[in-house]
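Biologist: Let us go through this structure together. I will ask, you answer briefly.

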Amino acid sequence: MTPGDEAITCPFDFSEGMDFDPSLAELMDRDAIARIRLPYGDADAWLVTGFEGVRRVTTDHRFSRAAIVDYDYPRLTPEPIVSTESINVMDPPYSSRLRRLASQAFTQRQVDGMRGRITRLADTLLDEMAAQGPGADLVRHLSDPLPQHTIFDLFGIPRDDWALMRQNLQHLLATGPDSRATAATAKADLRAYFVDMVQQRRKTPEEDLIGALVAAKVGEDMLDDQEIAVMALTLTLSGQDTATCQISNIVYLLLTHPELMKRLESRPEDLTNVLNELLRVIPFRKGVGIPRVALEDVEMEGVQIRKGDFVHVSYLTANRDPERYPNPDLIDPDRPYQPHMTFGWGGHRCIGVPLAMAELEVAIGRLLERFPGLRLAVSPEEVRWDKGTIRRFPIELPVTW
């Protein structure tokens, strides 16, 4: 830490609409990496905001996620969301091994085979919305249930267990100061549940994602029961965390940007390109995620990061770096594609990206196809936004058609 500098307190609690968090925007404008203080954890952290800086931290072996284990690291939630054995807190080569094995369940070919099931789930939900008639909450009818139904269905979780799964996952995402014990219990229960599922699949193979993870093999190397259970927990959480928010966020932006809606209605073949541009600009979470620890002294952008310092990166600010994305706050469907960081980067980029994109393409594509003339049933100012978790999304999205 540079002498004389003080950590900037960052609650990262901005949650209204799709406007960018002004505190993050201010941190982006600083000449050097900022020192920040988050609501939980016993230490401050550095925050890297530029695209190249974030890329460097996420690919440089001198910054370790595994090193945060057993530390009360700086974060936004009372209870650390990830398990210590999770791929999210591993470094290469250990994480590389798990990624090679687990990615066999998420190849493009595998996901293409799942698309029909995702479409049937989406159409069932949209049938129910249509039956209700004009005037419906899109969050309740599509955004919330589709990712849950999809991941639960693809993992082979019995429908009778879905309500309990939803409850436990919500406990993990809570940010309230009294939620730590509940979150810890929920995480333990979910892990035990998936261990039991894995053991069942070893006895009786099934064609679902748990079965695919059980069968994944590189040479003689396979995932063990605990590795699959933690992987399933991580994927179940991240799959819903991202897709649930993004369906609502994407639809909100389309409904408040009529020119984008008209573009997709007249050129549905542009859906994937438009989705990627929207994913780039959407502030899908509040602040930051899991930090890294510097394993040795590193100089970055004129700042001396000391061995043992925590380092956070912001994918949100990296996605709006003007040096990579000219006029970055503009939603430009014709912007030449440059990979964004919404799904992470480097060795911790989400392995389920093909599945997440399939869900978004199906959800948005089928919605626009089946409900021409879709529009907000309230003014944008009346839409209510989530304030109780680390995510950014409307908790209700009243629409009509």
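**Salt bridges, sheet, cysteines and a helix**

Modeller: Arginine 75 is buried, at a relative accessible area of 4%. Keep in mind that this is a predicted model.

Biologist: Which residue does the side chain of arginine 75 meet in a salt bridge?

Modeller: The N to O distance is 2.8 Å. The partner has 32% relative accessibility, so aspartate 72 counts as partly exposed. The residue is aspartate 72.

Biologist: How many salt bridges does a search of the whole structure find?

Modeller: Take lysine 387 and glutamate 16, whose side chains meet at 2.4 Å, N to O. Another one joins arginine 62 to aspartate 60, with the closest N and O atoms 2.9 Å apart. The search of the whole structure gives 28.

Biologist: How many residues apart in sequence are the parts that lysine 387 and glutamate 16 tie together?

Modeller: Lysine 387 sits in the loop between β12 and β13. Glutamate 16 sits in the loop between β1 and α1. Lysine 387 is exposed because its relative accessibility is 57%, while glutamate 16, at 38%, is partly exposed. The separation is 371 residues.

Biologist: Is aspartate 60 buried or exposed?

Modeller: Its relative accessible area is 13%. The cut-off for buried is under 20%. So aspartate 60 is buried.

Biologist: Which residue is the bridge partner of alanine 136 in β13?

Modeller: The open sheet has the order β5-β13-β12, with antiparallel pairing. Its edge strands are β5 and β12, each pairing on one side only. Two bridges join β5 to β13. The partner of alanine 136 is valine 399.

Biologist: Why is the sulfur of cysteine 245 not bonded to that of cysteine 350?

Modeller: Cysteine 245 is buried, at 0% relative accessibility. Cysteine 350 holds the closest cysteine sulfur to that of cysteine 245. A disulfide needs the two sulfur atoms within 2.5 Å. The gap is too far for a bond, at 13 Å.

Biologist: How many disulfides does a search of the whole structure find?

Modeller: Cysteine 10 is buried, at 4% relative accessibility. The search of the whole structure comes back with zero.

Biologist: How many of the eleven residues of α12 are buried?

Modeller: The helix spans residues 271-281. Among its buried residues are Leu271, Val274 and Leu278. The helix is mostly covered, and the buried count is nine.

Biologist: Which residues does asparagine 276 touch, not counting those up to four places away in sequence?

Modeller: Asparagine 276 lies in α12. At 13% relative accessibility, asparagine 276 counts as buried. The contacts are Tyr337, His340 and Met357.

Note on methods: Residues are numbered from 1 along each chain as its sequence is written. This is a predicted model: local features need pLDDT of at least 70, side-chain atom pairs count only at pLDDT 80 or more; totals for chains, interfaces and linings use all residues. Side-chain values use heavy atoms; hydrogens and water are left out. Helices (H or I, at least four residues) and strands (E, at least two) are DSSP runs, numbered from the N terminus. Buried means under 20% relative accessible area, exposed over 50%, partly exposed in between (1.4 Å probe, protein chains only). Contact means heavy atoms within 4.5 Å. Two strands pair if DSSP finds at least two bridges between them. A salt bridge is a side-chain nitrogen of Lys or Arg within 4 Å of a carboxyl oxygen of Asp or Glu.
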